[in-house]
Amino acid sequence: MKDKIRFAVIGTNFISDWVIAGARQDSRFELKAVYSRTQATADAFAAKHAIPFTFTSLEEMAKSDEIDAVYIASPNSLHAIQSILMMQHGKHVLCEKPFASNAREAFQMIQEAEKAGVTLMEAMKPTLTPNFSAIIDQLPSIGKVRHYVSSFCQYSSRYDRFRAGEQLNAFNPQLSSGALVDVGVYTLYPLVVMFGKPLRIQASGTLLSTGVDGAGSLLLDYPDFQATLVYSKISDAYMPTEIQGEEGTISVDKIHTIREVKFYPRKFATSGIGTGSEPILISRSTPNDEYFYEIKEFIDLIQTGNQQSKINSWKSSLITMEVMDEIRHQLKVRFIE
């Protein structure tokens, strides 16, 4: 077992900055290399993060003996091809969400991981945090689940520029972009982890001029309950996520960055606010950066010889991609391949 796992990063945007900051809270993480299409960008990113090696060739990076694992944060349309290349050369892959452009690509990634005998995991951070574990542990207390409601609506910092006519990656169908894969996936992935694949999907949404979705509303049917999901990159919302059961409700402040989790027993509804009854705070201490936990999970898997996470499993990632494929089909969103 290696004491250090030597990482390379593909993608020099702010997400990589955030992940690196969280990853460095794990003493087993060692950042060895960065890839960029241009040497100047690679050099600047390397200088900022004290990275010893730079690459402008993905093939050369894949062949490097200085690297054990690769974190991929490139545009969505490149996730599959880059992941597969790295795995073909024996590299473990932590791939940023969404896992791929579609379920077909996700399945190809999983097949390559199996063939190469490497660890592959989707970097969906909320489901690996202590607060998500608190949700899982509390689920039996709410009895039979009857409704799941989740919202992630955040006016994009790039939307004003898009409205002014600028062509941006965040709204480009050639890069497999849009609101569903950027923010909507956060409402969907935890649902899949907890309850699996829905029986039926109904989707409606707002398409932008480029053909990608700016916002959407989803109704997903399960055998005993329904899930209502709302997402947007063109408006803001401040609603919590709720898992409602016959014996109580779990309330989550922000499904994409879980800070506070509360349990409302059914008796709370009858006693009412102002009678001394209070919801039970079940949040757990999260002393580390929110990105620390996905890096910890990934390194744990590598060091124990496990190819996939039990939480961010290949099955969960594949089901999520299958559901998103159907949503895009209903919305008539077409990625350009």
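The paragraphs below walk through selected features of this predicted model, from one helix to aromatic pairs, buried polar residues and unusual backbone angles.

Because the model is predicted, local features are described only at pLDDT of at least 70 and side-chain atom pairs only at pLDDT 80 or more, whereas totals for chains, interfaces and linings use all residues. Residues are numbered from 1 along each chain as its sequence is written, and side-chain values use heavy atoms, with hydrogens and water left out.

A convenient place to begin is helix H5, which covers residues 103-116; helices (H or I, at least four residues) and strands (E, at least two) are DSSP runs numbered from the N terminus. The expected span of a helix is 1.5 Å times one less than its number of residues, and for the 14 residues of H5 this gives 20 Å, in agreement with the 20 Å that separates its end C-alpha atoms. At the N-terminal end, Asn102 acts as a cap, with a side-chain oxygen 3.2 Å from the backbone nitrogen of Arg104; this is a polar contact, that is, a pair of N or O atoms within 3.5 Å, where within protein one atom must be able to donate a hydrogen and the other to accept it, and where residues adjacent in sequence count only if both atoms are side-chain atoms. After the helix comes Gly117, whose phi is positive, near 70 degrees.

Within H5, the residues Ala103, Glu105, Ala106, Met109, Ile110, Glu112 and Ala113 are buried, where buried means under 20% relative accessible area, exposed means over 50%, and partly exposed lies in between (1.4 Å probe, protein chains only). An α-helix has 3.6 residues a turn, so residues three or four places apart point the same way. The cover over the buried residues of H5 includes helix H4 (79-88), strand E5 (92-96), strand E6 (120-123) and helix H11 (314-331), with contact meaning heavy atoms within 4.5 Å.

Between E5 and H5 runs the loop that holds Pro98, and Lys97 and Pro98 are joined by a cis peptide bond with omega of about -10 degrees. Most residues other than glycine have a negative phi, and most peptide bonds are trans. Two further backbone features concern residues that are not glycine: Ser176, with a positive phi of about 55 degrees, and Lys332, with a positive phi of about 65 degrees. Ser176 lies in the loop between helix H7 (159-163) and helix H8 (179-195) and is buried at 4% relative accessible area, whereas Lys332 belongs to the segment after H11 and is exposed at 60%.

The aromatic residues form 13 pairs in the structure; rings of Phe, Tyr and Trp (its six-membered ring) pair if their centres lie within 6.5 Å, and planes under 30 degrees apart count as stacked, over 60 as edge-to-face and the rest as tilted. One of these pairs, Trp18 with Tyr291, is tilted, at 6.4 Å centre to centre and 40 degrees between the planes. This pair links distant parts of the chain, since Trp18 sits in helix H1 (residues 14-23) and Tyr291 in the loop between strand E14 (280-281) and helix H10 (292-304), 273 residues apart. Trp18 is partly exposed at 43% relative accessibility, while Tyr291 is buried at 7%. Lys125 lies over the face of Tyr291, at 5.4 Å from the ring centre, a charge being over a ring if NZ of Lys or CZ of Arg is within 6 Å of the ring centre and within 35 degrees of the ring normal. Elsewhere, ring pairs link Tyr155, Tyr159, Phe162 and Phe171 into a cluster.

Among the buried polar residues, Ser232 in strand E10 (residues 226-232) has a relative accessibility of 2%, and a polar atom of its side chain lies 2.9 Å from the backbone nitrogen of Ile234. Leaving aside residues up to four places away in sequence, Ser232 touches Phe152, Cys153, Gln154, Val183, Gly214 and Ala215. Asp221, in strand E9 (residues 213-221), is buried at 8% relative accessibility, and its side chain makes a polar contact of 2.8 Å with the side chain of Gln226. By contrast, Tyr238, in the loop between E10 and strand E11 (241-245), is exposed at 76%.

Finally, the structure holds zero disulfides, a disulfide being a pair of cysteine sulfur atoms within 2.5 Å. Cys95 is buried at 0% relative accessible area, and Cys153 is buried at 9%.
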